[in-house]
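Student: I should like to go through the terms used for this structure and ask what each one rests on. May we begin with the way the chains meet?

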2 protein chains.
Amino acid sequence: MKKIVTLQQSIMAEDEKFAAAIREENRKRGLLMVNLIGSPGCGKTTLLEKTAELGGFPFAVIEGDLATDRDAERLAGWDIPVVQINTAGGCHLEANIVQKAMESLPLDSVDVLFIENVGNLVCPAEFDLGEDFKAALLSTPEGADKPLKYPYLFASSQVVLLTKTDLLPHLSFDMEMFTEDVKKLNPEAPVLLLDASSGEGYDRWISLLQERIREKRAHGR
Amino acid sequence: MKKIVTLQQSIMAEDEKFAAAIREENRKRGLLMVNLIGSPGCGKTTLLEKTAELGGFPFAVIEGDLATDRDAERLAGWDIPVVQINTAGGCHLEANIVQKAMESLPLDSVDVLFIENVGNLVCPAEFDLGEDFKAALLSTPEGADKPLKYPYLFASSQVVLLTKTDLLPHLSFDMEMFTEDVKKLNPEAPVLLLDASSGEGYDRWISLLQERIREKRAHGR
């Protein structure tokens with residue numbers, strides 16, 4: 001294991017330069033950048049669709065997937081500028097590739113750039129893409145024990161989104177354990193409960209984004 | 001991306017020696033080894049609990065997790081010999097660590113060694129642990145589009161297990177697309193539908209294992 005960590009660290013050191021450059025570009029632009037991380041099928045693309053429906057602000061998306069452009073297709077239906085990156089087996093996105101993808105997006109005419117990372121609770125948490133903050137997504141069917149089992153993501157995110165709460169009546173999900181475990185790892189991060197079918201909970205997500213957009217604009221541009 | 005692939009390949013070349021050694025040991029022992037791979041919360045530990053309940057054959061387990069020994073605790077309740085590996089951030093198991101973990105298990109008195117890999121649809125698929133076959137798990141809430149989005153695992157597994165079928169009435173899961181996409185990637189692999197709450201579908205899983213145990217014994221020992 002040690003060997004892999006060492007190799008990853010050297011790659012990460014090189015990649016940190018790209019992340020810093022992205023952060024500086026976005027500071028000048030006053031553009032908020034959010035890195036969405038969660039398992040396959042936890043609802044990252046659905047979150048973006050609901051944000052398009054309810055948010056009232058323009059945004060662009062970079063989609064990371066091993067293969068296919070299905071998520072980009074879904075978002076194109078919403079008239080959202082989107083670039084698809086296919087990692088061809090790579091388990092996470094890296095800043096150098098994100099920087100290239102950003103070149104083909106109309107970033108001066110949007111308020112937020114969302115990165116939908118590769119569906120994976122592990123590796124994407126370790127790579128800085130130059131984002132303002134990471135949002136950790138967990139869907140209720142994955143189980144309440146996941147924060148402690150995948151602590152790196154939950155500890156390093158500024159907001160935790162529990163999705164698919166409409167399925168709670170059909171699951172044995174220990175909500176108390178979940179919120180306590182998240183608090184242990186990350187006392188500051190708000191935990192938002194989201195139900196895409198009814199729209200419940202999205203008001204808090206949208207408010208959080210609007211506040212961060214205002215802050216970012218005030219400091220940039 | 002290319003850089004990571006190259007580095008991983010050199011690690012993998014070294015690790016293949018360990019995988020080959022495990023395969024040779026298990027051939028002599030007549031021990032079947034199965035590598036279970038799927039997302040966080042897809043039901044890998046539940047599959048092992050149901051296999052203990054319904055299988056009627058002794059098995060041992062190596063648990064891979066970033067952190068915690070919750071899964072090992074769950075299985076210890078079933079009187080199953082289990083070793084927990086904590087990868088401390090590592091996104092997959094490797095053969096050299098598995099070989100060490102095997103030393104502390106009573107492998108001469110069991111028919112199967114299950115490896116419950118780290119919850120991740122991406123990285124574990126690329127590492128040979130010396131197993132007889134990989135089983136790919138997908139839970140219905142993850143969505144029917146996942147095989148084509150995470151093709152490496154589904155193409156390299158000898159059986160595909162669709163878990164949590166009891167949730168199907170509450171989801172929009174395109175079963176036809178799912179089975180067709182799996183067939184495109186892997187025409188030979190049977191697709192088993194499993195419902196842990198009713199036990200439906202487990203008879204096929206248990207039969208498949210019993211057949212493989214018989215074959216393995218006939219060629220080894």
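Tutor: Two residues are in contact if their C-beta atoms, placed from the backbone, lie within 7 Å. Please bear in mind that this is a predicted model.

Student: How do you know that the copies meet through the same surface?

Tutor: Of the interface residues of chain A, 100% are also interface residues in chain B, so the two copies use the same surface. The contact involves 39 residues of chain A and 39 residues of chain B. On the side of chain A that touches chain B, α1 (2-29), α5 (146-149) and α6 (151-156) each supply at least two residues, and α1(A) gives the most, with four. By class, this side of chain A has 20 nonpolar, eleven polar and eight charged residues.

Student: What makes the relation between the two copies that of a two-fold rotation axis?

Tutor: A turn of 180°, with a shift of 0.0 Å along the axis, lays chain A on chain B with an RMSD of 0.0 Å. The copies are therefore related as by a two-fold rotation axis. Among the residues of chain A, Asn120(A) comes closest to that axis, its C-alpha being at 3.0 Å.

Student: Why is Glu53(A) called exposed?

Tutor: A residue is exposed if 12 or fewer other C-beta atoms lie within 10 Å of its own. Glu53(A) has 12 and is therefore exposed. Glu53(A) belongs to helix α2 (residues 44-54) of chain A.

Student: Which residues of α2 in chain B are buried?

Tutor: In α2 (residues 44-54) of chain B, the buried residues are Lys44(B), Thr45(B), Leu47(B), Leu48(B), Lys50(B) and Thr51(B). After α2(B) comes Gly56(B), with a positive phi near 75°.

Student: What makes the buried residues of α4(A) line one face of the helix?

Tutor: The residues concerned are Ala95(A), Val98(A), Ala101(A) and Met102(A), in α4 (residues 95-102) of chain A. Viewed down the axis of α4(A), the buried residues fall within an arc of 120°, so they line one face. In general, an α-helix has 3.6 residues a turn, so residues three or four places apart point the same way.

Student: Which residues have the most contacts inside the largest nonpolar core?

Tutor: They are Leu161(A) and Leu161(B), in a core of 111 residues. Leaving aside neighbours within four places in sequence, Leu161(A) is in contact with Leu47(A), Ala135(A), Ala136(A), Leu137(A), Leu192(A), Leu194(A) and Trp205(A).

Technical notes
Residues numbered from 1 in each chain as written. Chains lettered and ligands numbered in written order. Predicted model: local features only at pLDDT ≥ 70, side-chain atom pairs only at ≥ 80, totals over all residues. Nonpolar A, V, L, I, M, F, W, Y, C, P; charged D, E, K, R; others polar. Least-squares fit on C-alpha atoms with pLDDT ≥ 70 in both. Buried ≥ 20, exposed ≤ 12 C-beta atoms within 10 Å, placed from the backbone. Arc of directions from axis to C-beta. Core = buried A, V, L, I, M, F, W, Y, C linked by C-beta atoms within 7 Å.
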